[in-house]
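User: Please justify the terms used for the domains and strands of this model.

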Amino acid sequence: MSLPYTLLIDPLAADDATSATAGTFREIDASAPALRVGELSTQRGDGIFETIAVVDGHVQESEPHLARLVRSAEICDLPVPNLRQWRAAIAFAREQVPVEGELAMKLVLSRGVEHGPAPTAWLSVNAASDSTDARTKGIRVVTLDRGYDHGVAERAPWLLLGAKTLSYAVNMAALREAHRRGADDTIFVTSDGYVMEGPTSSVIARIDGVFVTPKPSGSILAGTTQASLFEHIREHDFPVAERDITVEELRRADAVWLVSSVRLAAPVVELDGAPLALDAEANAAFTRYLQSPRD
Ligand code: PLP
């Protein structure tokens with residue numbers, strides 16, 4: 001079996017408890033054409049996705065990812081995913097892919113072909129890019145203005161900022177801008193000076209001994225890795241808080257990480273050109289935990 005491994009899925013209605021899920025998805029050749037020209041995911045980025053890590057054969061935290069897929073569908077007025085079907089597809093794919101190493105499993109649900117009638121869905125598994133350097137040596141980050149102030153989600157919910165939509169052109173443009181500025185990644189900040197998230201990650205900072213992350217406000221994606229890591233940190237009796245964080249506070253943090261499902265925890269060693277400390281002990285503990293089998 002070669003990667004990417006891909007299943008094309010015939011989405012069942014969310015409340016379809018009767019149909020057997022077998023036969024509602026099928027393996028396809030990832031190098032052969034599979035989508036129609038009228039597909040709205042490619043024409044408009046009109047769809048949602050999840051990326052889940054598979055570590056040594058274990059699909060990490062599939063339920064929080066599925067819960068977020070449902071939330072994204074609701075925000076985007078997409079048909080709510082049938083979780084029984086997605087669980088079956090995930091389990092089926094897991095059996096087909098290598099049981100060693102780190103992989104990325106992507107779930108995609110699009111609005112489908114223009115003028116309907118049905119949504120399109122697929123699942124693909126690929127090798128994860130090597131994140132060893134980012135995890136151990138750290139990353140240089142610049143802050144970039146997201147162009148919205150920090151009350152934007154309540155005022156303009158149609159921006160879909162809290163959903164994991166396929167429209168990542170802005171996120172990728174921000175990454176290119178970070179590279180142009182000599183950095184590896186970026187942290188988006190609001191126009192009124194609050195920390196948001198990375199283009200593909202959540203922000204965790206340790207400020208005055210407390211692990212903090214921006215409050216999930218609907219203007220950023222609620223990160224599964226951040227939530228999992230906070231639970232782990234709490235279990236080890238360290239204080240955590242979800243709250244508004246100003247850029248000034250971030251600059252004086254003891255340590256900062258960008259966290260996400262596949263790259264895991266990447267310590268920030270430089271912020272807008274100023275060095276930041278890398279807490280090697282906490283960093284190694286984060287990677288150890290995030291690489292352990294998690295449900
Ligand atoms: N924020 C954005 C915009 C993202 O794209 C991602 C992941 O890709 C995250 C946060 C982190 O989410 P997770 O930890 O669930 O991967």
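The exchange below takes the domains and then the strands.

Analyst: This is a predicted model, in which local features need pLDDT of at least 70 and side-chain atom pairs count only at pLDDT 80 or more, while totals for chains, interfaces and linings use all residues. Residues are numbered from 1 along each chain as its sequence is written.

User: What makes 5-127 and 132-291 domains?

Analyst: Domain bounds come from an automatic or database domain assignment. That assignment gives domain 1 (5-127) and domain 2 (132-291), with C-alpha centres 26 Å apart.

User: How many residues of each domain does the contact take?

Analyst: Residues are in contact if their C-beta atoms, placed from the backbone, lie within 7 Å. The contact takes 20 residues from domain 1 and 15 residues from domain 2. On the side of domain 1 that touches domain 2, β3 (47-55), α2 (62-75) and β5 (102-110) each supply at least two residues; the largest share, 8 residues, comes from β3.

User: Why are β1 and β6 said to pair?

Analyst: Strands (E, at least two residues) are DSSP runs, as are helices (H or I, at least four residues), numbered from the N terminus. Two strands pair if DSSP finds at least two bridges between them. Strand β1 (residues 5-9) and strand β6 (residues 120-127) are joined by 5 bridges, and therefore pair; they run antiparallel. Tyrosine 5 stands opposite valine 125 in β6.

User: What makes β5 and β6 a pair?

Analyst: The antiparallel strands β5 and β6 are joined by 8 bridges, so the criterion of at least two is met. Alanine 104 has asparagine 126 in β6 as its bridge partner.

Notes: Contact = placed C-beta atoms within 7 Å.
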